[in-house]
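Colleague: I'd love a close look at one part of this model: the nonpolar core and the aromatic rings around it. Could you walk me through that region?

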Amino acid sequence: MTARAVHRGKRWIEHWDPENEQFWEETGKKVARRNLWFSVLAEHIGFSVWTLWSVMVLFMGPKYGFSAADKFLLVSTPTLIGALMRPLYTFAVAKYGGRNWTIVSALLLLAPTILAAIAMEPGTSLGTFLLIAALGGVGGGNFASSMTNINAFYPEKHKGWALGLNAGGGNLGVAAIQLIGLLVIGTVGATAPRLVLAIYIPLIVVAAVCAYFFMDNLSSMKGDTKAMREVVKDPHTWVMSFLYVGTFGSFIGYSFAFGLVLQNQFGRTPLQAAAVTFLGPLLGSFSRPTGGWLADRIGGGKITFATFVGMAAATVVLILASTSNSLALFTVAFIVLFVLTGIGNGSTYKMIPAIFRAKAKVAISEGADETLELLKARKLSGALIGLAGAIGALGGLFINLAFRQSFADTKSGVPAFIAFLVFYGLCFAVTWAVYLRKQQAEVASTRGLALAGAEV
């Protein structure tokens, strides 16, 4: 029983014990990897649909009649809706199963994609575009359900890499759709946005079909809707959510805004902007698994702290490049900032399961049942992954609104970058105070805060 996953039909797995080494090596690893790869596929396309409007605005020339502020508002809208959808998507995994919800969430992507294909032409009102962009927010929800699901499949020692790979593969959807947009603009010009959408509609169907045939549901997650109510009472929930605003919020916010900033601050054409914008999300996505891998070996707190220090430094360079009107320096610094956000994304998500496993160890040392405590840790970390993902995505909204106001007031992104610099300073201060300060490990706590701080 302990070395084999037990199914009860319709791809539900009754017995799942990834912390059991024999089970993991003989059965768990193969099943977990299969679910991981097809989860990545669905999440990847979800991210592409979520960030669709970062590409569509490049096709919106003067005939559309929209100002820079209008376009920043347009790309902000799916960011907000995606953030709001993430807690619901986390609950959906517990209620319906990871495989089942992956099928449904993939098919939901058809609505905003088909509607965008119908509406993309001059003369369509801004209100109509905002409504369709809002529907695209469902693509942002896919991340929360995918991460919550994959978190349950992997043992603690492999979570950093697995979650980093899952999220990084999903994040690549941002770069992928921007590359496709570049290909379309470079070959047929900025008058054929429907070609981008025609590529994604069949891919959405493929993702849903693959989830149907190749993924599994875990019975241990079924009905686990109380975990979210419990996790909101934990102080680490709000610390980690705050830090994730700085890492993932920056990644997704800059992914939406990079092309518009290049156009409005440096006068780049749509083709010139598209030729560069994909690089940031691409490298940021590739660096996310690296962040998880480094956190597995060095510690999530240390990597996260170093990342925020680096992000603050890169932001200083962006301010200098903006004031000196140096496009080359600005572009390099922005891409470095993307890479750092990816590393930080991976390390912060590694910290989440480590925190709850540390708390479980405290409870076990005091006589609690080991199996129940470890299962509880997996459930709570899954709930926090969904909640932190939702709050973190709001950072993308704030970034785009900050750029919108900055360009409206000064025709420059410098005031926005100054605000981001202050925020990153707060982030590395909080990381040090909660997870790295030596005194933290010396404070006895029945809630396991000290142990968690020492291990993450």
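Modeller: Happy to, and please keep in mind that this is a predicted model. Let's start with the rings: the structure holds 42 aromatic pairs. One of them joins W16 and F23, whose rings meet edge-to-face, with 5.1 Å between centres and 90° between the planes. W16 counts as buried because its relative accessibility is 7%, below the 20% cut-off. F23 is buried as well, at a relative accessible area of 0%.

Another edge-to-face pair is made by F403 and F417, at 5.4 Å centre to centre and with 80° between the planes. F403 belongs to helix α16 (residues 370-410) and F417 to helix α17 (residues 414-436), so this pair ties together parts that lie 14 residues apart in sequence. Both F403 and F417 are buried. If you leave out residues up to four places away in sequence, F403 touches F72, Y254, A257, V261, G413, A416, F417 and F420.

F403 is also a good way into the core. The largest nonpolar core has 128 residues, and F403 is listed with W53 and F330 as having the most contacts inside it. Helix α11 (residues 235-266) supplies the largest share of this core, 15 residues. Because domain 1 (15-222) and domain 2 (224-444) both give residues to the core, it lies between them. As general background, nonpolar side chains tend to be buried together in soluble globular proteins.

That brings us to how the two domains meet. Their C-alpha centres lie 19 Å apart, and 53 residues of domain 1 are in contact with 55 residues of domain 2. Between them, the domains bury about 4,700 Å², with 74% of that area on carbon and sulfur atoms. On the domain 1 side, L58, F72 and E156 lose the most area to domain 2, together 14% of what that side buries. You have met F72 already, as one of the residues that F403 touches.

Finally, rings in this model also have charged partners. The charged end of R99 sits over the ring of Y212, 4.9 Å from the ring centre. In the case of R288, the charged end sits over the ring of Y349, with 5.2 Å to the centre of that ring.

If you want one residue to start from on screen, try F403: it is buried, pairs edge-to-face with F417, and is among the residues with the most contacts inside the largest nonpolar core.

Definitions and conventions: Residues are numbered from 1 along each chain as its sequence is written. This is a predicted model: local features need pLDDT of at least 70, side-chain atom pairs count only at pLDDT 80 or more; totals for chains, interfaces and linings use all residues. Side-chain values use heavy atoms; hydrogens and water are left out. Rings of Phe, Tyr and Trp (its six-membered ring) pair if their centres lie within 6.5 Å; planes under 30 degrees apart count as stacked, over 60 as edge-to-face and the rest as tilted. Buried means under 20% relative accessible area, exposed over 50%, partly exposed in between (1.4 Å probe, protein chains only). Helices (H or I, at least four residues) and strands (E, at least two) are DSSP runs, numbered from the N terminus. A charge sits over a ring if NZ of Lys or CZ of Arg is within 6 Å of the ring centre and within 35 degrees of the ring normal. A nonpolar core is a set of buried Ala, Val, Leu, Ile, Met, Phe, Trp, Tyr and Cys residues joined through side-chain atoms within 4.5 Å. Domain bounds come from an automatic or database domain assignment. Contact means heavy atoms within 4.5 Å. Buried area is the accessible area (1.4 Å probe) that two parts lose on being put together, summed over both.
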